[in-house]
Amino acid sequence: MSETLQTTDIATSDIATSDAALLDRTATAVRAAGAALRERFGDVVRYETREELMQALAVNDDTALDILRPRLTSLRPGAGWVEDELDGGALPPGEWWVVDPAEGNVNHLHALPEWAVTATLVRENQPVLTVVHLPLTGETYTALSGAGAHLDGRPLRVSGTADLGLGIVATSQARPDEEEKVVRRVGSSITAMLFDALVVRTAVPATLHLTNVAAGRMDAFWQFAGARADLLPGALLVTEAGGRISDAEGRPWTPQSDSFLAAAPGVHAAAVATLSR
């Protein structure tokens, strides 16, 4: 995989047409799931234990999956299904749906607006198409391999910023059960960026930061570790919007990598230098 995230070659116009139609139908399914989650959004969901938290998260996931699973399965009956959105690493050969039914689920529970529904079709370990829907704003981000990235049909383009010191960058925190060395690496990277970038934002979920990079609103996003469902949608969006994808040290990124960087071309090298200190 190259530094700019390889996209799957489309061998014939028939395949291209098929994937474009599939993207539209995927977007319809994702919007329907988002509408169901929007109906559940409003009051803060209270919980006293980790078990209660996990149960509340599962209710949201199941609400969206009850819509997504049958619809996406009907679109690609032969495609596999990634059961756990926290999984990482390479997938077996063939086609797979990588879905996060409630990306930013904990924000949803806390009545915060930063959450989404995502679905990505992966073919031979390359993302082919992706849909990221923000139910509260109604925005739908889409990307199709080799055909660009769009927001509600409007083409997206990454920032033209060429000076990291003028850039807005972002990261998401390590998971609550993450290894200590990863947590400390996150902290040290934020400190480094505070010296080198204009503004540093830290929040979850990762996908929403990546939509902002693809749209040119922010200049770079990085993360250590991370799951396929966190990174594949935004990786395809940023790539198709003209951005550069690598690990934090500038090497080609794959789902097995232990870090991730998506940036506008003009600040990519500087971001790598900062994160490698």
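**Close-up 1. Ala220 and its partner across the strands.** Ala220 stands opposite Ala263 in β12. This and every other view here comes from a predicted model. Look along the rest of the pairing: strand β10 (residues 220-224) and β12 run antiparallel and are joined by five bridges. Phe221 has its own bridge partner in β12, namely Ala262. On the β11 side, strand β11 (residues 244-246) pairs with β12 through three bridges, again in the antiparallel sense. Here Arg244 is the residue that stands opposite Ala263. As a reminder for reading such views, strands of a sheet pair through backbone hydrogen bonds, either parallel or antiparallel.

**Close-up 2. Strand β12, seen from both faces.** How many of the five residues of β12 are buried? Five of the five in this strand, residues 259-263, are buried, so β12 counts as mostly covered, with buried meaning under 20% relative accessible area. In a regular strand the side chains alternate between the two faces of the sheet. In β12, one side carries Ser259, Leu261 and Ala263. The other side carries Phe260 and Ala262, and both faces are covered.

**Close-up 3. The five-stranded sheet and two helices packed on it.** Five strands make up an open sheet with mixed pairing, in the order β9-β8-β10-β12-β11. Its edge strands are β9 (199-202) and β11, each of which pairs on one side only. Direction ignored, neighbouring strands in this sheet are turned by 15° against each other on average. Helix α4 (residues 180-196) packs on the sheet and touches β8 (168-171), β9, β10 and β12. The direction of α4 makes about 155° with that of β10. Helix α6 (residues 228-240) also packs on the sheet, where it touches β10, β11 and β12. The direction of α6 makes about 145° with that of β11.

**Close-up 4. The seven-stranded sheet with α5 and α6 lying across it.** Next comes an open sheet of seven strands, in the order β1-β2-β3-β4-β5-β6-β7, with mixed pairing. Which strands form the edges of this sheet? They are β1 (80-81) and β7 (154-155), and each pairs on one side only. Helix α5 lies across β2 (95-103), β3 (116-123), β4 (126-134) and β5, and runs at about 100° to β4. You will recognise α6 from the previous view, where it touches β10, β11 and β12. In this view α6 lies across β2, β3, β4, β5 and β6, running at about 100° to β4.

**Close-up 5. Thr142 in its surroundings.** Thr142 is found in strand β5. Is Thr142 buried or exposed? Its relative accessible area is 14%, and because the cut-off for buried is under 20%, Thr142 counts as buried. Beyond its neighbours within four places in sequence, Thr142 is in contact with Leu23, Thr130, Val131, Gly148, Ala149, His150 and Leu237. One of these contacts, His150, has a bridge partner of its own: Pro155 in β7.

**Close-up 6. The second largest pocket.** This pocket holds about 290 Å³ of space. Its lining has 17 residues, and those lying nearest the centre are Glu114, Leu134, Arg201, Leu208 and Asn212. Both β5 (139-144) and α5 (206-214) supply at least two residues of the lining. Which element gives the most to the lining? That is α5, with four residues. By character, the lining divides into nine nonpolar, four polar and four charged residues.

**Close-up 7. A cis peptide bond at Pro205.** The peptide bond from Val204 to Pro205 is cis, with omega near 10°. To find the spot, follow the chain into the loop between β9 and α5, where Pro205 has its place.

**Close-up 8. Two loop residues with positive phi.** Ala111 has phi near 60°, a positive value in a residue other than glycine. Ala111 sits in the loop between α3 (105-109) and β3, and is partly exposed, with a relative accessible area of 26%. Asp152 is not a glycine either, yet has a positive phi of about 50°. The place of Asp152 is in the loop between β6 and β7, and at 39% relative accessibility this residue counts as partly exposed. The strands on either side of that loop, β6 (residues 148-151) and β7, run antiparallel and are joined by two bridges.

Notes. Residues numbered from 1 in each chain as written. Predicted model: local features only at pLDDT ≥ 70, side-chain atom pairs only at ≥ 80, totals over all residues. Heavy atoms only, no water. 1 Å grid on protein atoms, 1.4 Å probe; cavity = no way out; pocket = protein on both sides within 12 Å on 5 of 7 lines; lining within 4 Å. Points joined across faces, edges and corners; volume = space filled by probe spheres on them. Nonpolar A, V, L, I, M, F, W, Y, C, P; charged D, E, K, R; others polar. Buried < 20%, exposed > 50% of the residue type's maximum accessible area, 1.4 Å probe, protein only. Pairing = 2+ DSSP bridges. Contact = heavy atoms within 4.5 Å. Axes fitted to C-alpha atoms, helices over the stretch in contact; angles between N-to-C directions.
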